[in-house]
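User: Please take a close look at one residue in this model, then work outward from it to the rest of the structure. Give the cut-offs behind each term as you go.

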Amino acid sequence: MSSVRVPGRRRGIRPSRVLIYGLLIAFSIVYLVPVYVLVVGSLKTLREVNTTSIWTLPTGFNLGAWADALQPPLQNSGGIASGLVNSLEMTIPAVVISSVWGSINGYILSKWRFRGSDTLFATLLFGMFIPYQAILIPLVNLLQQLHLYDSLVGLAITHVMYGLPITTLIFRNYYASIPTELVEAAKVDGAGIVAVYRRVILPLSVPGFVVVGIWQFTNIWNEFLFAVTLTSAPSSQPVTVALQNLAGSFAALYNVQMAGALISALPTLVVYILLSRYFIRGLLAGSLKG
Amino acid sequence: MRARSLSVILLLPAIAASLIFVYGFIAWTGFASITGWNQIKPLHNFLPDFPLVGLDNYTSLMSTPRFWTNDVVNNAVFTVCFVTVSLVLGLVLAILLDQHILGESFFRNLFLLPMSLSFVVTGTVWAWIFNPNTGINQLLDPLGLGAIRDGLLGIGFLSPLWSVLDSLHVNILRTGLTADPRASLGAVVVAAVWQMSGFVMAMFLAGLRGIPDDVREAARVDGASELQIYRRILIPLLRPIMISVIVLLGYISLKIFDLVFVMTRGGPGISSDFPSILLFDSAFKGNLWARGAAIAMVMLIVSAILVVPYLRSQLRGERQS
C-alpha cells in the first residue's frame with residue numbers, strides 16, 4: 001500500500017530515507033576532501049608545512065602563503081600574479097568574440113537554413129571532437145610565422161577558433177527554441193537577415209549569452225595544453241602554466257601550492273557558485289542534447 | 001535568393017576558420033607525419049620542406065616500447081577505469097538525488113563543483129593527497145584503515161587480482177601511491193573521476209527528470225519495488241544518455257594531458273605515461289616534430305572512430321525528430 005504513495009509526501013522517518021541521506025552525506029564528505037586540503041593547506045605557515053601533514057588544521061588565519069604564491073619574495077622565482085593578469089587579458093576578448101560569432105552562426109543555422117546548411121553545421125561541429133594535439137604542431141608553426149607565438153593575442157585567437165563549434169552549437173539549439181513565427185512575422189514586415197537578428201533575436205539572446213559566456217570563460221581560463229605549448233615567456237603565460245611552474249619552484253611547500261591553486265581557481269569558482277544554474281545548462285548543451 | 005546568399009556569406013568566416021584551423025591543420029599534421037622533420041631546424045615556410053619518408057615515423061613508433069605497448073595500454077586501461085567508475089558513481093549519485101530529497105540543489109552543486117576547476121588545480125591537489133609521505137596514508141593509518149588495506153593485500157586468494165592491478169599500474173592500495181609504479185595510474189584515475197563524475201550525475205539526473213512520472217506510477221501500481229523500477233525500467237530508458245556519456249568521457253580520456261602532466265608527469269618511470277605526454281616530449285622538448293605529428297594522427301584516428309559514428313547518429317536523429 002505504501003507503493004502507491006507519492007514519494008515526497010511520506011510521513012515519519014523511514015530506514016531507506018536514513019540510508020539515502022547517509023550515503024549523500026558520506027559522498028559529500030569524500031568530494032570535499034580536496035577542497036579541505038586546498039583551503040587548509042593554503043593557510044599554513046612555512047613552519048607548519050615542515051611539521052604537520054596536509055590534514056591538520058592551521059594554527060591561525062595566515063595569508064602568508066597567498067602572498068608568496070602571488071609574488072614570491074625571491075626575484076625570478078615565479079608567482080602567479082602576472083599569470084592572473086595574462087589570463088584575464090586573454091580570456092575576456094576570446095569569450096566575447098567567440099560568443100558573438102557563435103551567436104551569428106547559430107542564428108543562421110537555425111533560422112535561415114538552406115540546402116546543405118546541416119552538412120555545414122556537422123562539418124563545423126567536428127572541430128569540437130578532435131584531440132587538439134592533432135592541430136597543435138601546424139598551429140605553433142602558423143603563429144610563429146605570423147609573429148603571434150608567445151603572445152596573448154595568438155592565444156586568444158586560438159581559443160576563439162576552437163571555441164567556435166561549441167558556441168555555435170549552443171546558440172543553434174537555443175535559437176531553435178525561439179518560435180519561428182516571431183521570425184516569420186518580422187520577415188513579413190520586410191525585415192532581412194540582419195534586421196531580424198537585431199530586432200527579434202538579439203533581445204531574446206541574453207540567457208544564451210550567459211550560458212555560452214560562462215562555458216567559454218570556464219574552459220578558456222582552465223585550459224592548459226594550448227597555454228603551455230603556445231607560450232614560453234612568463235610575460236605571456238596564462239595562470240594555469242604559472243601555477244604549474246609554481247609547483248616546480250615551491251616543490252616541497254604545499255602551502256604555497258595550495259594557495260596558488262585556490263587563487264587561480266577563484267574566478268571560475270565564484271562564477272560557478274553564483275551562476276551554477278547556467279553552468280549546468282551549458283554542460284548539458286555541450287553534450288549535443290540542448 | 002538574396003537571403004540565401006547573405007546567409008552563406010555570414011557563415012563564410014566560420015567555414016573558412018574551420019577549413020583552415022581544423023581540416024587544413026589536420027592535413028598538415030598528416031603530411032608532417034610522413035616527412036623526416038625530426039630536427040631542431042625551424043620551418044621557414046608554411047609547410048615542412050623535408051624529404052618524404054613514408055610511414056617510417058609510424059613504424060619507428062611501433063617499435064618504441066614507451067609508445068607501444070606501454071602508452072597505448074596505459075591509455076586504454078585509464079579509459080576503461082575512468083569511464084566505468086565515473087559512469088557507476090554518476091548513476092548512483094543521480095539516483096540518490098532523484099529521491100525527492102531536501103537540499104537537492106545543494107548536493108547537486110557540490111558534486112558538480114570540481115567541474116569548474118582546471119585539471120591543473122585538480123592535479124596539484126591530488127598530487128599532494130596521493131603523496132606517500134604527506135597524503136592519504138597519514139589520514140588513513142591513524143584511523144586504523146591502513147590495517148584494513150594491509151589485510152586486503154594479504155588475502156591469499158586475491159593475490160592474482162593484486163598482481164594484475166599492479167602490472168596495470170592501478171592498484172591504489174599500494175602505499176607508495178604516485179611514487180609507486182604499481183599505483184601511479186590508479187591515482188590519476190581517482191583524480192579524473194573526482195573531477196568528471198559530477199558531469200555524469202548531471203546528465204543522468206536530467207535524463208531521469210525527462211521520464212514522465214506516469215511511467216513510475218504505472219510500475220508502482222503493478223507492485224514493482226523502487227529498486228526494480230530503476231533496474232528494469234528507468235536505467236534501460238537512460239541508454240541514449242549512457243552512450244553520450246561514454247563517448248564524451250572516452251573522448252576526454254583519449255586526449256588527456258594536463259592532469260597527468262601535473263600529477264605524475266608520466267612517472268615513476270613511464271608507469272603513468274600517455275601518448276599525449278610522449279607527443280609533448282617528442283615534439284616540444286625533443287624537436288622530433290614528425291614523430292609528434294605521427295602520434296597526433298594516431299590519437300586523432302582513435303578518437304574519430306569513437307566520435308564520428310556518434311556525431312552522425314546524433315545529427316540524423318535530430319533531423320528525424
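Analyst: **One residue and its surroundings**

Leaving aside residues up to four places away in sequence, Gly260(A) touches Ala69(A), Ile80(A), Leu243(A) and Leu246(A); two residues are in contact if their C-beta atoms, placed from the backbone, lie within 7 Å. The model is predicted, with local features needing pLDDT of at least 70 and side-chain atom pairs counting only at pLDDT 80 or more, while totals for chains, interfaces and linings use all residues. Residues are numbered from 1 along each chain as its sequence is written, and chains are lettered from A and ligands numbered from 1 in the order in which they are written.

Gly260(A) is part of helix H13 of chain A; helices (H or I, at least four residues) and strands (E, at least two) are DSSP runs, numbered from the N terminus. Is Gly260(A) buried or exposed? Gly260(A) is buried, because 31 other C-beta atoms lie within 10 Å. The cut-offs are 20 or more other C-beta atoms within 10 Å for buried, 12 or fewer for exposed, and partly exposed in between, with C-beta atoms placed from the backbone. Ser42(A) is 218 residues away from Gly260(A) along the chain, yet their C-alpha atoms are separated by 8.0 Å.

The same long-range pattern can be put in numbers for the chain: of the contacts in chain A with a separation of 6 or more, 76% join residues 24 or more positions apart. Chain A is built from 13 helices and 0 strands. Of its 290 residues, 48% count as buried. The radius of gyration of chain A is 24 Å, whereas a compact globule of 290 residues would have one near 19 Å; the radius is taken over C-alpha atoms, and the globule rule is 2.2 Å times the number of residues to the power 0.38. Along the principal axes, the C-alpha atoms of chain A fill a box of roughly 75 × 75 × 30 Å.

Chain A is assigned domain 1 (14-62) and domain 2 (81-285); such bounds come from an automatic or database domain assignment. The C-alpha centres of these two domains of chain A lie 33 Å apart. Contact between them involves 8 residues of domain 1 and 7 residues of domain 2. On the domain 1 side, helix H1 (residues 15-42) of chain A gives the largest share, 5 residues. That side divides into 5 nonpolar, 2 polar and 1 charged, where Ala, Val, Leu, Ile, Met, Phe, Trp, Tyr, Cys and Pro count as nonpolar, Asp, Glu, Lys and Arg as charged, and the others, Gly among them, as polar.

The helix that holds Gly260(A) also matters for the contact with chain B, which takes 73 residues from chain A and 79 residues from chain B. Helix H13 (residues 254-285) of chain A gives the most to the chain A side, with 13 residues. By class, the chain A side holds 50 nonpolar, 22 polar and 1 charged. The predictor gives the complex an ipTM of 0.93 and a pTM of 0.93. For chain B the mean pLDDT (the predictor's confidence in each residue, from 0 to 100) is 93, and 99% of its residues reach 70 or more.

The largest nonpolar core has 177 residues, and Ile135(A), Ala187(B), Val188(B), Val189(B) and Ala296(B) have the most contacts inside it. Such a core is a set of buried Ala, Val, Leu, Ile, Met, Phe, Trp, Tyr and Cys residues joined through C-beta atoms within 7 Å. Helix H9 (residues 184-209) of chain B supplies the largest share of this core, 18 residues. Domain 1 (14-62) and domain 2 (81-285) of chain A both give residues to the core, so it lies between them. Apart from residues up to four places away in sequence, Val189(B) touches Phe78(B), Cys81(B), Phe82(B), Val85(B) and Val170(B).

Some backbone details remain. Most residues other than glycine have a negative phi, and most peptide bonds are trans. His147(A), not a glycine, has a positive phi near 55°. His147(A) sits in the loop between helix H6 (133-145) and helix H7 (152-176) of chain A, and is exposed because it has 10 other C-beta atoms within 10 Å. In chain B, the peptide bond from Gly267(B) to Pro268(B) is cis, with omega about -5°.
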